[in-house]
There are 2 protein chains.
Amino acid sequence: MSTPERLIESTRELLWERGYVGTSPKAIQQRAGAGQGSMYHHFSGKPDLALAAVRRTAEEMRATAEAQLSGPGTAVERISAYLRRERDVLRGCPIGRLTQDPEVVASPSLRQPLEETFAWLRGRLAGILAEDRPRDGLAAGLDPDDTAATIVAVLQGGYVLARAAGSAEPFDRAVNGVLGLLTARTTAA
Amino acid sequence: MSTPERLIESTRELLWERGYVGTSPKAIQQRAGAGQGSMYHHFSGKPDLALAAVRRTAEEMRATAEAQLSGPGTAVERISAYLRRERDVLRGCPIGRLTQDPEVVASPSLRQPLEETFAWLRGRLAGILAEDRPRDGLAAGLDPDDTAATIVAVLQGGYVLARAAGSAEPFDRAVNGVLGLLTARTTAA
DNA sequence: GTCTATAGGGTGATAGAC
DNA sequence: GTCTATCACCCTATAGAC
């Protein structure tokens with residue numbers, strides 16, 4: 001792996017673990033096995049390197065989500081497959097995490113990949129909910145855009161609750177809960 | 001306001017804005033208008049001061065939530081009042097925010113107030129859902145604990161989406177979405 | 001109870017040799 | 001392209017005067 005690649009990968013890991021404020025150039029260099037001068041040769045500084053790292057993480061997250069969401073099945077089945085896929089819950093979401101960093105949200109270029117990722121995900125879920133509605137058990141009164149936002153929020157909030165509890169249990173409960181709400185009307189009534 | 005009080009209040013503000021890693025004793029002292037020695041006289045250090053600040057924020061958050069949740073109305077009405085109360089959405093949740101801080105979750109004493117706050121909130125919501133179920137329109141198949149976790153996750157995730165978007169819109173959509181899911185069965189079917 | 005002085009280490013970044 | 005040296009500043013904390 002080339003030096004720039006190793007620097008980007010190290011930055012991705014550290015941003016996930018410690019956030020932007022908690023990640024120092026020195027820590028990046030040490031993890032990448034690169035010297036100070038090497039880092040400043042390939043990148044103009046910490047913001048530049050972070051931008052490359054965040055863009056790659058956002059790309060990867062979108063590709064992973066698309067894999068589950070483009071699978072077979074009804075709307076609820078595909079959403080269930082996405083929500084229940086294996087996740088390292090206590091590590092949290094590498095994109096959602098950055099949302100709490102004041103320097104990230106204050107920087108338009110750093111915030112942009114976060115905004116685009118969640119906008120895409122919400123739109124993708126809303127499309128699935130809308131297209132599958134006629135032949136599925138979903139209630140006719142549900143707004144696809146609102147419901148999609150709820151599903152993404154459950155994921156992101158599930159990570160928060162899990163980290164507070166030091167356990168994946170609240171995440172799993174939140175996912176079960178929203179899937180129960182999405183399917184209850186077909187089994188109840 | 002006494003010096004210890006001012007130090008605690010300053011720490012609360014800074015923890016909300018910048019998190020634990022992003023908050024320095026120096027910044028706390030400056031905001032509180034207190035000197036270095038003054039801070040170390042009243043508190044043993046940054047962790048001690050942070051603990052006092054986090055405990056107070058957790059207490060306050062619980063009291064605020066209880067005010068909405070103990071109001072009149074059906075389960076859905078009380079939960080709706082809680083979810084839709086006025087919030088400074090882009091500031092995020094002062095407790096949920098700390099969940100992303102590696103040094104907070106690594107410290108049992110600092111994590112404890114977070115864990116207790118969300119455990120209480122989930123339990124409170126589960127109780128409301130369970131007790132009100134017979135005479136309300138909620139589906140019999142819904143698990144109160146799972147549904148409660150979903151509601152809290154929607155709040156916490158709503159903050160995440162709002163900060164990523166730089167707008168309260170996704171938060172409001174997520175709240176509308178979960179309330180739609182909770183009430184759809186009474187209007188549909 | 002508050003102050004200043006000081007410590008040892010880290011921060012983000014630049015300069016210039018190799 | 002990578003290295004080491006150096007910069008000015010900030011970090012958390014302690015010491016001891018007042």
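A residue is near a molecule or strand if one of its heavy atoms lies within 4 Å of it. In this predicted model, that cut-off outlines a surface near DNA strand C, whose largest share, 5 residues, comes from α3(B). At least two residues each are supplied to this surface by α2 (25-32) and α3 (36-42) of chain A, together with α3 (36-42) of chain B. By class, the surface has 3 nonpolar, 11 polar and 2 charged residues.

Among the 16 residues around DNA strand C, those that come nearest are A:Pro25, A:Gln36, A:Lys46, B:Gly35 and B:His42, and sugar and phosphate make up 56% of the strand's atoms that come within 4 Å of the protein. A polar backbone atom of A:Pro25 is 2.9 Å from a phosphate oxygen of the strand, whereas B:His42 brings an N or O atom of its side chain to 2.7 Å from a phosphate oxygen. A:Tyr40 has a polar side-chain atom that lies 3.4 Å from a phosphate oxygen of DNA strand C.

The two protein chains also meet each other, in a contact that takes 51 residues from chain A and 51 residues from chain B. About 4200 Å² is buried between them, with carbon and sulfur atoms giving 64% of that area; A:Gln100, A:Arg163 and A:Leu181 supply 17% of the area that chain A buries against chain B, more than any other three residues.

Between chain A and chain B the count is 6 salt bridges, and A:Asp146 forms a salt bridge with B:Arg173, in which the closest N and O atoms are 2.8 Å apart. On the side of chain A that touches chain B, the largest share, 16 residues, comes from α8(A), and by class this side has 23 nonpolar, 13 polar and 15 charged residues.

Methods
Residues numbered from 1 in each chain as written. Chains lettered and ligands numbered in written order. Predicted model: local features only at pLDDT ≥ 70, side-chain atom pairs only at ≥ 80, totals over all residues. Heavy atoms only, no water. Contact = heavy atoms within 4.5 Å. Buried area = accessible area lost by both parts, 1.4 Å probe. Salt bridge = Lys/Arg side-chain N within 4 Å of Asp/Glu carboxyl O. Helix = DSSP H or I, 4+ residues; strand = E, 2+ residues; numbered from the N terminus. Nonpolar A, V, L, I, M, F, W, Y, C, P; charged D, E, K, R; others polar. Polar contact = N/O pair within 3.5 Å; in protein donor to acceptor, adjacent residues only side chain to side chain.
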